[in-house]
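The exercises below go from single residues to the sheet, the core and the metal site. Please work through each task with the structure open before reading its solution.

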Amino acid sequence: MDCIFCKIASGQIPSEKVYESQKILAFKDINPVAPEHILIIPKKHISNIEDLAVDDSEDIAELIFAAKEIAREHALSDKGYRLIINNGRAAGQEVFHLHMHIIGGKEYLGPMIAK
Ligand code: 5GP
Ligand code: ZN
């Protein structure tokens with residue numbers, strides 16, 4: 001399958017990894033919008049929320065707990081950070097392999113926007 005995040009998960013395409021478990025991988029976004037901009041993905045290919053099955057529950061739970069751990073490791077826990085899933089074309093999803101953005105390290109003052 002021609003999926004860029006599957007290739008990152010398998011190591012075919014290099015990435016700057018910050019966290020890895022059996023099910024989950026986190027790596028730095030190639031085009032950061034804040035001092036800390038990390039993507040967390042399930043290694044399994046799930047295109048987005050619409051593609052989720054009940055069997056994927058553990059992966060999704062792990063995604064959230066990984067975010068908490070990564071935030072702690074990057075000193076974001078106290079300051080706060082954003083967790084964003086762009087789901088589908090109208091939300092600006094560019095890569096159709098489910099991923100959650102962790103965005104932090106700058107004050108967020110605006111209304112809700114995509115990035
Ligand atoms: P989306 O709009 O789909 O939620 O966000 C996709 C994100 O993936 C973008 O922020 C983009 O910068 C990032 N991205 C796209 N291709 C690559 C890549 O090859 N490596 C990394 N590290 N990030 C990527
Ligand atoms: Zn994929």
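**Exercise 1.** Does Lys28 count as buried, partly exposed or exposed, and at what relative accessibility?

*Solution.* The model is a predicted one, and every value used here is computed from it. Begin with the location: Lys28 is found in strand β2. Next, take the class limits, under 20% for buried and over 50% for exposed. Lys28 has a relative accessibility of 35%, and therefore it counts as partly exposed. Finally, list the surroundings: apart from residues up to four places away in sequence, Lys28 touches Glu16, Val18, His37 and Ile38. The C-alpha atom of Lys28 is separated by 7.2 Å from that of Ser15, although the two residues are 13 apart along the chain.

**Exercise 2.** Describe the environment of Tyr19, and find the residue that stands opposite Tyr19 in β2.

*Solution.* Tyr19 is found in strand β1, and its relative accessibility of 22% makes it partly exposed. Three bridges join β1 (residues 17–20) to β2, and these two strands run antiparallel, forming a hairpin with three residues between them. Within this pairing, the residue opposite Tyr19 is Ala26. Once neighbours within four places in sequence are set aside, the contacts of Tyr19 are Ile24, Leu25, Ala26, Ala66, Glu69 and Ile70. By comparison, the C-alpha atoms of Tyr19 and Ser47, which are 28 residues apart along the chain, are separated by 21 Å.

**Exercise 3.** Work out the strand order of the sheet, and explain why β1 and β4 each have one side without a neighbour.

*Solution.* The sheet is open and has five strands, which follow the order β1-β2-β3-β5-β4 with antiparallel pairing. Because β1 and β4 (81–84) stand at the edges, each has a single partner strand, and one side of each is left without a neighbour in the sheet. From one strand to the next, the twist averages 20°. Helix α2 packs on this sheet, where it touches β1, β2, β3, β4 and β5, and its direction makes about 155° with that of β3.

**Exercise 4.** Identify the largest nonpolar core and the elements that contribute to it.

*Solution.* In soluble globular proteins, nonpolar side chains tend to be buried together. Here the largest nonpolar core has 12 residues in all, including Ile24, Ile38, Leu63, Ile70, Met100 and Ile102. The elements giving two or more residues to this core are β2 (24–28), β3, α2 and β5 (100–104), and α2 gives the most, with five residues. One core member, Ile24, shows how these parts meet: beyond its sequence neighbours up to four places away, Ile24 touches residues including Tyr19, Ile40, Leu63 and Ala66. There is also a second, separate core of nine residues, among them Phe5, Ile8, Phe27 and Leu39.

**Exercise 5.** Which residues coordinate the zinc ion (ligand 2), and what geometry does the site have?

*Solution.* The donors are Cys3 (SG), Cys6 (SG), His45 (ND1) and His97 (ND1), which coordinate the zinc ion at 2.0 to 2.3 Å. The angles among these four donor atoms are 107 to 116°, and the site is tetrahedral. For reference, the ideal angle for four tetrahedral donors is 109.5 degrees. Along the sequence, the donor residues are spaced C-x2-C-x38-H-x51-H. Cys6 in helix α1 (residues 4–10) and His45 in the loop between β3 (36–42) and α2 (57–73) are 39 residues apart, a pair that links distant parts of the chain. His45 itself has a relative accessible area of 25% and is partly exposed.

Terms used: Residues are numbered from 1 along each chain as its sequence is written. Chains are lettered from A and ligands numbered from 1 in the order in which they are written. This is a predicted model: local features need pLDDT of at least 70, side-chain atom pairs count only at pLDDT 80 or more; totals for chains, interfaces and linings use all residues. Side-chain values use heavy atoms; hydrogens and water are left out. Donors are N, O and S atoms within 2.8 Å of the metal (3.2 Å for Na, K and Ca); water is not among the atoms, so sites may look incomplete. Four donors count as tetrahedral if all angles lie between 85 and 135 degrees; four count as square planar and six as octahedral if opposite donors are over 155 degrees apart and all others between 65 and 115; anything else is irregular. Helices (H or I, at least four residues) and strands (E, at least two) are DSSP runs, numbered from the N terminus. Buried means under 20% relative accessible area, exposed over 50%, partly exposed in between (1.4 Å probe, protein chains only). A nonpolar core is a set of buried Ala, Val, Leu, Ile, Met, Phe, Trp, Tyr and Cys residues joined through side-chain atoms within 4.5 Å. Contact means heavy atoms within 4.5 Å. Two strands pair if DSSP finds at least two bridges between them. Axes are lines fitted to C-alpha atoms, for helices over the stretch in contact, and angles run from 0 to 180 degrees between N-to-C directions.
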